[in-house]
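Work through the exercises below with the sequence and the model side by side. Try each task before reading its solution.

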Amino acid sequence: MDSFPDMDSFNLENASLNVSNNGATSLATSSSSTSSRYENQKRRDWNTFGQYLKNHRPPLSLSMCSGAHVLEFLRYLDQFGKTKVHTLNCPFYGLPNPPAPCPCPLRQAWGSLDALIGRLRAAFEENGGKPEANPFGTRAVRLYLREVRDLQSKARGISYEKKKRKRPLANQTPTLPVPPPPPSAI
């Protein structure tokens, strides 16, 4: 069942242990000043998920982690959310800008969860996991994200529109303006 190493042997901090022929070891790290904001966030997310697995009762190794554990992690993160999600019986359900405060819960925004899963999915594979065993890409996780998106869009009264991709310019034939006809000679 272990198709990839445990969390401890994964490259958690963008560091690797180098052993030379004479037995000396050195720790090579990539500088955070050269890492992009995305790479830094991905590393922090990966470390947070690793800490979540260590604190899980009973503690979980990454090789035993499933889509259900990822969903549990996403639900755990909801307690730190800042997005008000109105419930069905809230008088402001479906209103984009409620006129008064209400007791509805704060949750993680769908866009934040979607981006988080994308980063964790990439980090999993970059750190030795096999794509077919990636718990962040399971059907259950995709369905959960879709459900959160739909619930939040209905609660806000605003639907999320799928972004349309821009077509590359190379595939389009450029249209040149037609020059005006030359003046006729009289």
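**Exercise 1. Place Asp 45 and list what it touches.**

Step 1. Leave out residues up to four places away in sequence: Asp 45 then touches Leu 116, Arg 119 and Leu 120. Contact here means heavy atoms within 4.5 Å.
Step 2. Asp 45 sits in helix 1. Helices (H or I, at least four residues) and strands (E, at least two) are DSSP runs, numbered from the N terminus.
Step 3. With a relative accessible area of 8%, Asp 45 is buried. The cut-offs are under 20% for buried, over 50% for exposed, and partly exposed in between (1.4 Å probe, protein chains only).

A note on the source: this is a predicted model, where local features need pLDDT of at least 70, side-chain atom pairs count only at pLDDT 80 or more, and totals for chains, interfaces and linings use all residues. Residues are numbered from 1 along each chain as its sequence is written, and side-chain values use heavy atoms, with hydrogens and water left out.

**Exercise 2. Describe the overall chain.**

Step 1. Count the elements: the chain has four helices and four strands.
Step 2. Read them along the sequence: the pattern is β-β-α-α-β-β-α-α.
Step 3. Check burial: 30% of the 186 residues count as buried.
Step 4. Take the contacts with a separation of 6 or more; residues 24 or more positions apart account for 62% of them.

**Exercise 3. Dissect the largest nonpolar core.**

Step 1. Apply the rule: a nonpolar core is a set of buried Ala, Val, Leu, Ile, Met, Phe, Trp, Tyr and Cys residues joined through side-chain atoms within 4.5 Å.
Step 2. The largest such core has 24 residues, and Phe 49, Val 70, Leu 74 and Phe 136 have the most contacts inside it.
Step 3. Helix 1 (37-55), helix 2 (67-77), helix 3 (110-126) and helix 4 (139-156) each give two or more residues to this core. Helix 3 supplies the largest share, seven residues.
Step 4. Look around Phe 136. Leaving aside neighbours within four places in sequence, its contacts are Trp 46, Phe 49, Val 70, Ile 117, Leu 120, Arg 121, Phe 124 and Val 141.

**Exercise 4. Which residues of helix 2 and of helix 3 are buried?**

Step 1. In helix 2, the buried residues are Gly 67, His 69, Val 70, Leu 71, Phe 73, Leu 74 and Leu 77. They pack against helix 1, helix 3 and helix 4.
Step 2. In helix 3, they are Trp 110, Leu 113, Leu 116, Ile 117, Arg 119, Leu 120, Ala 123 and Phe 124. Their cover includes helix 1, helix 2 and helix 4.
Step 3. Recall the geometry: an α-helix has 3.6 residues a turn, so residues three or four places apart point the same way.

**Exercise 5. Find the backbone features to check.**

Step 1. Start from the general rule: most residues other than glycine have a negative phi, and most peptide bonds are trans.
Step 2. The peptide bond from Arg 57 to Pro 58 is cis, with omega near -5°. Pro 58 is in the loop between helix 1 and helix 2.
Step 3. Gly 128 follows helix 3 and has a positive phi, near 105°.

**Exercise 6. How many salt bridges are there, by the rule used here?**

Step 1. State the rule: a side-chain nitrogen of Lys or Arg lies within 4 Å of a carboxyl oxygen of Asp or Glu. The count comes to five.
Step 2. Glu 126 and Lys 42 meet in a salt bridge (2.6 Å, N to O). Glu 126 lies in helix 3 and Lys 42 in helix 1, so the pair ties together parts 84 residues apart in sequence. Lys 42 is buried, at 3% relative accessibility.
Step 3. Asp 78 pairs with Arg 107, their closest N and O atoms being 3.9 Å apart. Asp 78 is in the loop between helix 2 and strand 3 and Arg 107 in strand 4, so this pair ties together parts 29 residues apart in sequence. Asp 78 is buried at 13% relative accessibility, whereas Arg 107 is partly exposed at 30%.
Step 4. Arg 149 forms a salt bridge with Asp 150, with 3.4 Å between the closest N and O atoms. Salt bridges that share partners also join Glu 39, Lys 42 and Glu 126 into one network.
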